[in-house]
Amino acid sequence: MSPSWGHCVMAALLCSPLWVAGRLAPENEVPLRPTAWLPEARVTPVPLPRDRTRRLYFTLRKRTAAMSVTVSPCDAPIEWSLSARTLKDRPSKSLHWSSRKSMPEVWWRGPGTEAKMYSYTGSAVDTFTGPAYTPASIYILRLRSREKDTSASVYLQEGAGALGAFPELPHDPRVHTVGVGMTSVTLSWVPSGSVLKLPPNSHSYQYCVLVNRKHNYRSVCAAQQAMKKEKKKERKDKEQKVTVWPILKEWWWQQWDWLEEEEEPAVSLLDEYPGLQCVCRGAESVCTVSELTPDTQYYFDVFVMDVRNGTSAAYSGTVARTHEEARPAVAPLGEGELRWVPLQRDGRQSSQLFSFRPRGWQQSALLTLQSCGAQDAAVTVSSRGQVLASQAVGREVAQIWLQGKSSYLIHLEAAGAAGAPQGGIKMQASSAYHRQAPPALPPTLQIKSFSKLRGCRSVTLAWLGTEERSLYCVYRRKLADGEQAGADRCLGPESRSETERVLCKYFQELNPRKAVTTATIGGLEPGAAYVFDVYLMRRWGIPVKYHSKTVRTRKEC
């Protein structure tokens, strides 16, 4: 914005009639009060600037015995009063009044008496119903908001009878809580008489249920204004623009805001903000609000809305707190404890939680897991809500290095296909391992037997080790005639008989390419089939089982 353009804008505004009619009018000009005629049988929205009295004038037809005036505040408490003014002499129509003076203004300045008929202060919808004041030349409705800029809706009805512009509320306008769950709340209320009188397939009246986390709303207008302010705040946060002349900008918008307050069009609030987010809408007096957050307090409001006239009536809202989410049981996992965890894709055993506290000041541990059977799984390790590691667990041994936390939460979840047979997980956590990474595993778990070294009473086996000094134990089992060797990957040395163990040896080779160790197993029977298993024994973690190897000794040597 250039300085010359800004000066032109300021000069144009200062010299315009709009500015003269505003707050800086000359002393010889008498500014008119913001007066207007109040039409009968029509909802009239009235903007109410803070600490400014708005006056609405109306007259009644001859022989009108009764009347009613309904005022519905929007989102703030207001003061309003109804008065009747009687003039001694009716103004002559032949007088040439200034174009700046309206007929209500002329009546206001004429001699006469004024009687106060009714007054109210509050934020609820209020109605004055009574006989017409006799004699009365004109009625004056004054409205004022002392808290903030707001608005109100006014409805004038001549004659006695029910108000046709506003929906009816039952004798018990409370909203009742029928049921509360973790993510849903069921509400019910006494039906409105306006809805009960509806003919079939008519949608002139309907309920609107609103839910929020702040407070209850006394009217649809208050809810719409809150939504509007929230959207404005979000838009302002996104549109942080730098203005060359911030003072001129603020002054400019203040003038236009004042004009908008005075000249706001008479549009129904329902039409002005059609994006009212009703969680339930229709003629049913029961509503279930779902997809809520557990252990959270919510406020529920029910409005019966007249779609044709754009009016509404508010029930007395309620508040409810959803139930706390059921916390699954957390089982402690002991130091070095080998735990068998049953898992199944369908059912209660689909997931389990364990807690582990490492020993020592380093707060480190090695977690090893292995899936047994056809059921795979997934493990997630977290601490105080922060996910530290997550990976799949299959038939091979999985290792997770834990470090830097005083406690860990281990979540095991079945990850196989639905309907798979029940399986389980072997799990162990140990603080005895103090290196900064998981220990190395053999590159392959295959066991090789040499045909040239196979005899009638002995066989020679070979397998790959690691560069760390570890203990390897060999187990054997004789197969009966026609028996097939099983492939139980989770069969550990703790489940084997001592008679099946034939030897244990330490091995270490720093060169991974040469990390091959052999063992000759003797004392066998000629022509018999044996199953050999090799276990990598460790002080920490689950023993690593090599693939079983079936070898038959020679019958003749």
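Let me begin with Ile-425, which has its place in strand S26 of what is, I should say at once, a predicted model. Is this residue buried or exposed? Ile-425 has a relative accessible area of 0%, and because anything under 20% is counted as buried, it falls in the buried class. If we set aside residues up to four places away in sequence, Ile-425 touches Arg-339, Trp-340, Val-341, Leu-343, Leu-369, Gln-370, Ser-371, Ala-377, Val-393 and Leu-412. You may also want to find Gly-394, which is 31 residues from Ile-425 along the chain, with 9.1 Å between the two C-alpha atoms.

One of those contacts, Leu-412, deserves a look of its own. Leaving out its neighbours within four places in sequence, Leu-412 is in contact with Ile-425 and Met-427, with Val-341, Leu-343 and Leu-369, and also with Ser-350, Ser-351, Gln-352, Phe-354, Ala-378 and Val-379. Leu-412 also appears in the largest nonpolar core, a set of 22 residues in which Leu-367, Leu-369, Ile-410, Leu-412 and Met-427 have the most contacts. Which strands supply at least two residues each to this core? They are S19 (339-343), S20 (351-356), S21 (364-372), S22 (377-383), S23 (386-393), S24 (398-403), S25 (408-414) and S26 (423-430). The largest share, four residues, is that of S25.

Let me turn now to the charged pairs, where the count comes to 19 salt bridges, and I will walk through a few of them. Arg-50 and Asp-51 form one, with their closest N and O atoms 3.6 Å apart; Arg-50 is partly exposed at 46% relative accessibility, and Asp-51 is likewise partly exposed at 32%.

A second salt bridge joins Asp-75 to Lys-229, and here the closest N and O atoms are 3.9 Å apart. This pair links distant parts of the chain, since Asp-75 is in the loop between strand S4 (66-73) and strand S5 (78-87), whereas Lys-229 is in helix H5 (residues 220-238), 154 residues apart. As for accessibility, Asp-75 counts as partly exposed at 21%, and Lys-229 is partly exposed with a relative accessible area of 45%.

In a third case, Glu-79 forms a salt bridge with Arg-146, the closest N and O atoms lying 2.8 Å apart. Because Glu-79 lies in strand S5 and Arg-146 in the loop between strand S8 (138-144) and strand S9 (150-158), the pair ties together parts that are 67 residues apart in sequence. Glu-79, with a relative accessible area of 29%, is partly exposed, and so is Arg-146, with 46%. There is also a network, in which salt bridges that share partners join Arg-496, Glu-500, Asp-533 and Lys-545.

Finally, I would like to show you a sheet. It is an open sheet of three strands, in the order S10-S11-S14, and its pairing is antiparallel. Why do the edge strands have a side without a neighbour? Strand S10 (175-180) and strand S14 (286-289) each have a single partner strand, so one side of each is left without a neighbour in the sheet. From one strand to the next, the twist averages 25°. Strand S11 (residues 185-189) pairs with S14 in the antiparallel sense over four bridges, and if you look for Ser-188 you will find it opposite Val-286 in S14.

Technical notes. Residues are numbered from 1 along each chain as its sequence is written. This is a predicted model: local features need pLDDT of at least 70, side-chain atom pairs count only at pLDDT 80 or more; totals for chains, interfaces and linings use all residues. Side-chain values use heavy atoms; hydrogens and water are left out. A nonpolar core is a set of buried Ala, Val, Leu, Ile, Met, Phe, Trp, Tyr and Cys residues joined through side-chain atoms within 4.5 Å. Buried means under 20% relative accessible area, exposed over 50%, partly exposed in between (1.4 Å probe, protein chains only). Contact means heavy atoms within 4.5 Å. A salt bridge is a side-chain nitrogen of Lys or Arg within 4 Å of a carboxyl oxygen of Asp or Glu. Two strands pair if DSSP finds at least two bridges between them. Axes are lines fitted to C-alpha atoms, for helices over the stretch in contact, and angles run from 0 to 180 degrees between N-to-C directions.
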